[in-house]
Amino acid sequence: MSLPADSSGPNAGEKRPATRRNSRGRHLEFVRKFRAGEIGTGEDNEDSGQSHSDPPDGNGEAPKSGGKRPRKSYLRAYIHRLWPHWPLVLTLIVLAIAISGLEIIQPLFARYVFDDILLADLTSEQKFWRLHGVCGLFLAISLVTRAIGVLRSRWQELLNNRVILSLRHALYRHLLHLGLDRLADMKVGGIISRLTDDINRTTGTLQMAVISPGVALLRLVLAAIILFAINWRLALTTLAIIPPIMLVSMMAIRRVRPIYRAIRKDVSSVDGRVGEAFSGIRAVRAFGGEQRETREYVGGNNLITRKRMFANAREIIVWTTWAVLIGTTQVVILWAGSRWYLLGQATIGDITAFQVYVMMLLNPVWQIVESMTELQRSLAAMERVFEVLEMPTDKPDLPDAVPAPSAVSEIRFANVSFAYTDQRYVIRDFELAVRGGQTIALVGRSGAGKTTVTDLVSRFYDPTLGTIYLNGIDLRQIQLASFRDMLGVVQQDVFLFDGTVRENLAYGSRDATLDEIVQAAKQANAHEFIASLPDGYDSLIGERGVKLSGGQRQRLSIARALLANPQILILDEATSNLDTESEQLIQDSMQRLLHGRTTFVIAHRLSTVVHADLIVVMDDGRIVETGTHDQLMERAGTYAEMVLRQNEAVTLL
């Protein structure tokens with residue numbers, strides 16, 4: 001969990017920058033950069049208010065996508081995902097056009113009533129007859145328009161939900177197959193915010209990006225044509241006001257875009273902080289960090305609120321501009337229409353129809369501007385979703401990849417070196433041949449590279465240099481899914497899911513029977529404590545197994561791996577959290593449990609690897625000694641010194 005800067009030390013008395021002190025200071029820094037143009041509006045600018053020298057915000061996101069794509073490309077990618085739903089999309093477009101056509105003719109009824117009925121030279125009976133017919137037709141058209149509108153809204157919601165579900169499922173599947181380094185960069189908060197809030201904010205992007213602007217443009221053209229057909233003088237007067245106002249509005253909206261982009265990243269940062277706080281709640285309480293975490297949470301939300309208000313202030317400019325436009329246009333029409341009526345160049349029906357048509361003219365323009373405002377929010381979220389979807393998956397199978405063999409004959413490391421970043425190798429010139437069925441113990445001080453070796457065996461990472469062979473086949477030439485089916489891993493940091501004991505044990509063996517589950521639990525010395533739980537194997541163990549002790553969680557993890565019946569078993573400090581009695585019971589049956597499996601064991605307690613077929617002593621990523629326990633003790637080298645030190649420590653205790 002990220003911690004705030006230390007308040008002690010030689011510089012403790014110095015005043016910290018406002019950007020780190022409180023949300024107001026950080027917001028003012030953001031506003032300063034925004035107004036200075038440091039937070040641009042270009043498609044590729046992703047500044048969220050941080051200085052270039054600062055580390056990423058709490059979400060720590062650096063997706064490594066190999067360069068930002070223009071945002072329009074993400075919109076195209078979204079539209080491409082609509083293709084499977086093209087019949088529904090086409091139906092929505094047709095319905096929207098039908099509604100526009102029916103609405104655009106409705107003001108003509110008022111014009112006809114005034115000019116051709118009320119002010120016409122007709123008898124009262126004729127006027128009543130025409131009035132009833134026109135109003136009846138007007139009512140019927142209005143009802144049909146509303147009915148089509150309801151149908152369109154219903155189908156629009158259906159399309160939105162289908163696309164969002166499809167997008168959410170695709171993103172979740174893709175995240176599960178991303179490399180561990182990329183997932184670590186995004187952190188849990190960034191992942192969750194993408195799957196939930198970001199995808200939710202893409203709702204209606206089709207409506208905002210395609211249908212609304214397209215239909216609004218159609219209505220705008222039709223309204224303009226009708227206005228010119230009714231009275232070209234009034235039409236020119238009205239249309240002359242729109243372009244400059246629309247230009248001002250679009251410029252204001254463009255300046256709002258980077259603010260929403262920054263807000264999305266801040267939301268992800270706050271979500272990440274919450275996840276860290278509750279994942280490490282024991283540490284928070286042990287070190288009295290409740291107030292600190294509350295302060296970070298409140299400060300983060302205050303910053304988000306300030307930025308939203310900052311964006312809202314700019315949107316108010318747009319809304320106010322349009323309010324002034326509407327009022328001004330109404331006055332101009334009333335004044336100009338009345339003047340031309342007195343001059344005999346316009347009718348009362350013209351003025352009445354114009355009042356309605358101007359609103360129908362301005363509404364499409366406003367819809368275009370408003371849809372662009374909402375589209376900026378959706379695009380800011382959409383970008384975060386699609387940049388992940390475009391990341392390459394973790395170790396995709398090569399075109400000529402082959403299925404994994406059914407049994408392990410040999411695993412061989414051929415001059416393997418590995419570096420996480422910056423070519424700082426944590427494994428160097430690693431040469432080792434392991435026969436199938438052997439138990440290999442990796443020992444050495446912390447940081448020697450033991451866990452990295454097992455990660456390479458598991459293909460969590462691939463070697464930077466050299467090759468790992470399984471039965472003479474490069475691991476990279478083997479289909480990853482089939483290879484992982486051969487693996488069973490028991491890690492030092494046990495992870496259990498929030499479910500029942502039975503569900504956790506059968507996580508890697510969904511078809512396992514209860515008898516098989518019980519047998520695996522007995523082999524791992526877990527059956528006794530499971531049977532003592534309130535509901536036995538159906539007992540809920542809480543998130544990460546919080547209701548169990550460390551030793552109990554470890555034994556469940558061992559049983560889960562055994563139930564999967566792997567060909568290759570990796571035990572990373574698998575007995576480190578067991579009490580002495582449980583450890584002894586497991587060690588007594590370890591030879592039987594590991595029989596027939598190629599096993600890699602990492603252990604700091606050297607007493608647990610005495611019976612290993614081969615002990616590999618590592619230091620600084622290199623192999624310094626290999627042999628059995630007896631052979632290494634006879635050499636009196638590094639391993640012997642480690643055993644003597646541990647024995648002395650035990651004696652002192």
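Start by selecting Y639 and its surroundings: beyond the neighbours within four places in sequence, Y639 is in contact with V443, L606, V609, I615, V617, E625, H629, L632 and M633. Keep in mind throughout that this is a predicted model.

**Stop 1: the cores**

Now widen the selection. Y639 belongs to the largest nonpolar core, a set of 41 residues, and is listed with L505, I530, L556 and I615 as having the most contacts inside it. Colour by element and you'll find that β3, α16 (501-505), α17 (514-523), α18 (527-531), α19, β7, β9 and α22 (638-652) each supply at least two residues of this core. The largest share comes from α19, with 6 residues. There is also a second, separate core of 31 residues, and V416, M486, I570 and F600 are among its members. As background, nonpolar side chains tend to be buried together in soluble globular proteins.

**Stop 2: helix α19**

Select residues 550-563, which make up α19; this helix lies across β6 and β7 and runs at about 175° to β6. Put a distance on its ends: from first C-alpha to last, the 14 residues of α19 reach 20 Å, close to the 20 Å expected at 1.5 Å a residue. Is α19 mostly covered or mostly open? Mostly covered: 12 of its 14 residues are buried. Among the buried ones are L556, I558, L562 and L563, but also Q552, Q554, R555 and R560. Just past the helix, click on N565, where phi is positive, near 50°.

**Stop 3: the six-stranded sheet**

Hide the side chains and switch to cartoon. You should be able to trace an open, mixed sheet of 6 strands in the order β6-β7-β8-β3-β9-β10. At the edges stand β6 (487-490) and β10 (622-627); each has a single partner strand, so one side of each is left without a neighbour in the sheet. Going from one strand to the next, the twist averages 15°.

Next, highlight β3 (residues 439-443) together with β9 (residues 614-619): they pair in the parallel sense over 4 bridges. For a landmark in that pairing, L442 stands opposite V616 in β9. Then bring in α14 (residues 450-457), which packs on the sheet and touches β3, β7 (568-572), β8 (598-602) and β9. The direction of α14 makes about 155° with that of β8.

**Stop 4: strand β8**

Zoom in on β8. Its partners are easy to pick out: 4 bridges join β3 to β8, running parallel, and 5 bridges join β7 to β8, also running parallel. On the β3 side, A441 has V601 as its bridge partner in β8; on the β7 side, I570 stands opposite F600. Why call β8 largely enclosed by the rest of the structure? Because 5 of its 5 residues are buried. Turn the side chains back on and look at both faces: T598, F600 and I602 sit on one side, T599 and V601 on the other, and all are buried. In a regular strand the side chains alternate between the two faces of the sheet.

**Stop 5: the four-stranded sheet**

Swing over to the other open sheet, with 4 strands in the order β2-β1-β4-β5 and antiparallel pairing. Its edge strands are β2 and β5 (473-474), each pairing on one side only. Between β1 and β4 the antiparallel pairing covers 5 bridges, and I411 stands opposite L470 in β4. You'll meet α14 again here: it packs on this sheet too, touching β1, β2 and β4, with its direction at about 120° to that of β1.

**Stop 6: aromatic pairs**

Finish with the rings. How many aromatic pairs does the structure hold? It holds 4. Take F413 and F430 first: their ring centres are 5.0 Å apart and their planes are at 70°, so the pair is edge-to-face. F413 lies in β1 (residues 410-419) and F430 in β2 (residues 425-435), so this pair ties together parts that are 17 residues apart in sequence. F413 counts as buried at 1% relative accessibility, and F430 is buried with a relative accessible area of 1%.

Then select F418 and Y461. With centres 5.5 Å apart and planes at 45°, the rings make a tilted pair. The pair links distant parts of the chain, 43 residues apart: F418 is in β1, and Y461 is in the loop between α14 and β4 (465-470). Both F418 and Y461 are buried. Add Y420 to the selection, and you have one aromatic cluster of F418, Y420 and Y461.

Methods
Residues are numbered from 1 along each chain as its sequence is written. This is a predicted model: local features need pLDDT of at least 70, side-chain atom pairs count only at pLDDT 80 or more; totals for chains, interfaces and linings use all residues. Side-chain values use heavy atoms; hydrogens and water are left out. Two strands pair if DSSP finds at least two bridges between them. Axes are lines fitted to C-alpha atoms, for helices over the stretch in contact, and angles run from 0 to 180 degrees between N-to-C directions. Contact means heavy atoms within 4.5 Å. The expected span of a helix is 1.5 Å times one less than its number of residues. Buried means under 20% relative accessible area, exposed over 50%, partly exposed in between (1.4 Å probe, protein chains only). Rings of Phe, Tyr and Trp (its six-membered ring) pair if their centres lie within 6.5 Å; planes under 30 degrees apart count as stacked, over 60 as edge-to-face and the rest as tilted. A nonpolar core is a set of buried Ala, Val, Leu, Ile, Met, Phe, Trp, Tyr and Cys residues joined through side-chain atoms within 4.5 Å.
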